[in-house]
Amino acid sequence: MDRIKIVGGNRLEGTIPISGAKNAALPLMIASLLTADRLTLKNVPNLADVNLLARILRNHGVDLAVDGKRPGVSQHLGETFHLTARDIVDTTAPYEMVSRMRASFWVLGPLLARMGEARVSLPGGCAIGTRPVDLHLQGLKELGAQIDIDAGYVVAKAPKGLQGNRVVFPKVSVGATHNVLLAAALAKGETVIENAAREPEIGDVAECLVKMGCRIEGIGSSTLRIQGRDRLEGAVHAVLPDRIETGTFAYAVAATGGDVTLEGTRVELLETALDVLEAVGASVTPVEGGIRVTRNGAGIGPVSIETQPFPGFPTDLQAQLMALVTTAHGTSVIRETIFENRFMHVQELARLGADIKLHGDTATIKGVPRLRGAPVMATDLRASVSLVIAGLVAEGETMINRVYHLDRGFERLEEKLTRCGANIERISAG
Ligand code: EPZ
């Protein structure tokens, strides 16, 4: 298994290109199931999760061609995927695949809408919380699906097709909103989703569905009004920039000090996540084609924050923020309200010298003057990258084990940081 070695203490200076968003690329790829025509996606990040979903979609019959990179074209521009689901050859998504990546459960809505049936494995356990799928099933039932659970599989049927309806989610869920939005695009008549998730990735998928011929009102709001169509067409769509990658590098710069321009990203994708950075003493300036983050001299101040659905503070940046405030002047309080078990980084940050106390869903982080390098273990995607931030700050060497978690969601992480002066290298298992 690969490891990452970091020798901390360097300021970060330069530019970092931001990749396409993993959490938009995945549902956009799944949207290809809705049409027999070609869906072309640009700016797709080269990530383990994207490659795994490509395998899952191929199983359903999606033909995927990836444009080769011409000489001279920046390696930092994402890939272009051409996805064509002319014939769906298999409506089953097996346990071996869905259990490895939860987002693949989102094939349920589109397969059901297009084929009138789908058999998709329940995702099973997850490191960050229980993560049920009841809201997905509630939404699809409201569009007329008959749903049974059989031997660990969701067996969904809608022999006469799905019927538009009003779906009111009792709780905000990104995945349930994607599933129902994708299904509603091929349902008969109008679907109104209330209390929809407002994450920018939902908006990106909705914009793509509009290009495919669907009419959608309320994009970006918590009420989505979708006019279903009998058939959708192909389209060309560029995946929006990754706001979590943006926030991660912004926090890394704030943690180490320095001056970095994050290229190809936008402040409005982050909202609260960048406000927090200003509040702790870093400076964030929108510049042409990106965002400039600087921190000089004075250190980091403490924060008090809780995770919330967008536009609130994202759970996907909670671990990174915690790494940042481990060396703040003062005591920070971070409450995790989205997932019940998303604190696995706490023990690992403690190995580097952080002073963190956990009480239920709340972490209290007393700033320490410095962290010291140590061997640590990556546990999930965002927890692993918080260890990278802490390693960049810590004195001496930090060795991060199990970095395959990082490869699920961060493209060329070591290369991007090295270009800005970090001392970080991957040690391949051989
Ligand atoms: C998405 O997961 C993201 N995944 C997660 O990013 C992200 O942390 C999460 O949204 C919250 O922003 C992708 O986009 C691929 P939810 P999702 O449904 O859709 C509960 C990463 O690191 N819930 O919004 O699974 C659930 O348990 C990943 O990139 C139900 O109760 O999250 C949680 O408490 C990790 N019933 C809350 O809702 C349901 O049917 C929000 O989950 C569905 C969810």
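**Exercise 1. The shell around the ligand**

Find which helix gives the most residues to the shell around the ligand in this predicted model, and place that helix in the wider shell.

*Solution.*
Step 1: Start with the helices that each supply at least two shell residues: H1 (22-31), H5 (134-142), H6 (174-184) and H12 (381-393). Among these, H5 gives the most, with three residues.

Step 2: Widen the view. The ligand is surrounded by 23 residues, and Asp134, Ser173, Asp316, Ile338 and Arg382 are the closest.

Step 3: Sort the shell by class: eleven residues are nonpolar, five are polar and seven are charged.

Step 4: Check the domains. Domain 1 (3-18 + 242-427) and domain 2 (22-229) each contribute at least three residues to the shell.

**Exercise 2. Backbone atoms beside the ligand**

Which residues place a polar backbone atom 2.7 Å from a ligand oxygen atom, and how much of the ligand does the protein bury?

*Solution.*
Step 1: Look at Leu135, where a backbone N or O atom sits 2.7 Å from an oxygen atom of the ligand.

Step 2: Move on to Val174, which has a polar backbone atom 2.7 Å from a ligand oxygen. For Gly175, a polar backbone atom is likewise 2.7 Å from an oxygen atom of the ligand.

Step 3: Turn to the area. The ligand alone exposes 830 Å², of which the protein buries 89%.

**Exercise 3. Helix H2**

Compare the span of H2 with the expected value, then list its buried residues.

*Solution.*
Step 1: H2 covers residues 48-60, 13 residues in total, and spans 19 Å from first to last C-alpha. That is close to the 18 Å expected at 1.5 Å a residue.

Step 2: Apply the cut-off of under 20% relative accessible area for buried residues. In H2 this picks out Asp49, Val50, Leu52, Leu53, Ala54, Ile56, Leu57 and His60.

Step 3: See what follows the helix: Gly61 comes after H2 and has a positive phi, near 110°.

**Exercise 4. Unusual backbone geometry**

Where do a cis peptide bond and positive phi values at Asn195 and Arg402 occur?

*Solution.*
Step 1: Recall the background. Most peptide bonds are trans, and most residues other than glycine have a negative phi.

Step 2: Phe310 and Pro311 are joined by a cis peptide bond, with omega about 10°. Pro311 belongs to the loop between S18 (304-306) and H10 (318-325).

Step 3: Asn195 has a positive phi of about 60°. This residue lies in the loop between S11 (190-194) and H7 (200-211), and is partly exposed at 29% relative accessible area.

Step 4: Arg402 also has a positive phi of about 60°. Its loop runs between S23 (397-401) and H13 (404-407), and Arg402 is partly exposed at 36%.

Technical notes. Residues are numbered from 1 along each chain as its sequence is written. This is a predicted model: local features need pLDDT of at least 70, side-chain atom pairs count only at pLDDT 80 or more; totals for chains, interfaces and linings use all residues. Side-chain values use heavy atoms; hydrogens and water are left out. A residue is near a molecule or strand if one of its heavy atoms lies within 4 Å of it. A polar contact is a pair of N or O atoms within 3.5 Å; within protein, one must be able to donate a hydrogen and the other to accept it, and residues adjacent in sequence count only if both atoms are side-chain atoms. Accessible areas come from the Shrake-Rupley method with a 1.4 Å probe; for residues, only the protein chains shown count as cover. Helices (H or I, at least four residues) and strands (E, at least two) are DSSP runs, numbered from the N terminus. Ala, Val, Leu, Ile, Met, Phe, Trp, Tyr, Cys and Pro count as nonpolar, Asp, Glu, Lys and Arg as charged, and the others, Gly among them, as polar. Domain bounds come from an automatic or database domain assignment. The expected span of a helix is 1.5 Å times one less than its number of residues. Buried means under 20% relative accessible area, exposed over 50%, partly exposed in between (1.4 Å probe, protein chains only).
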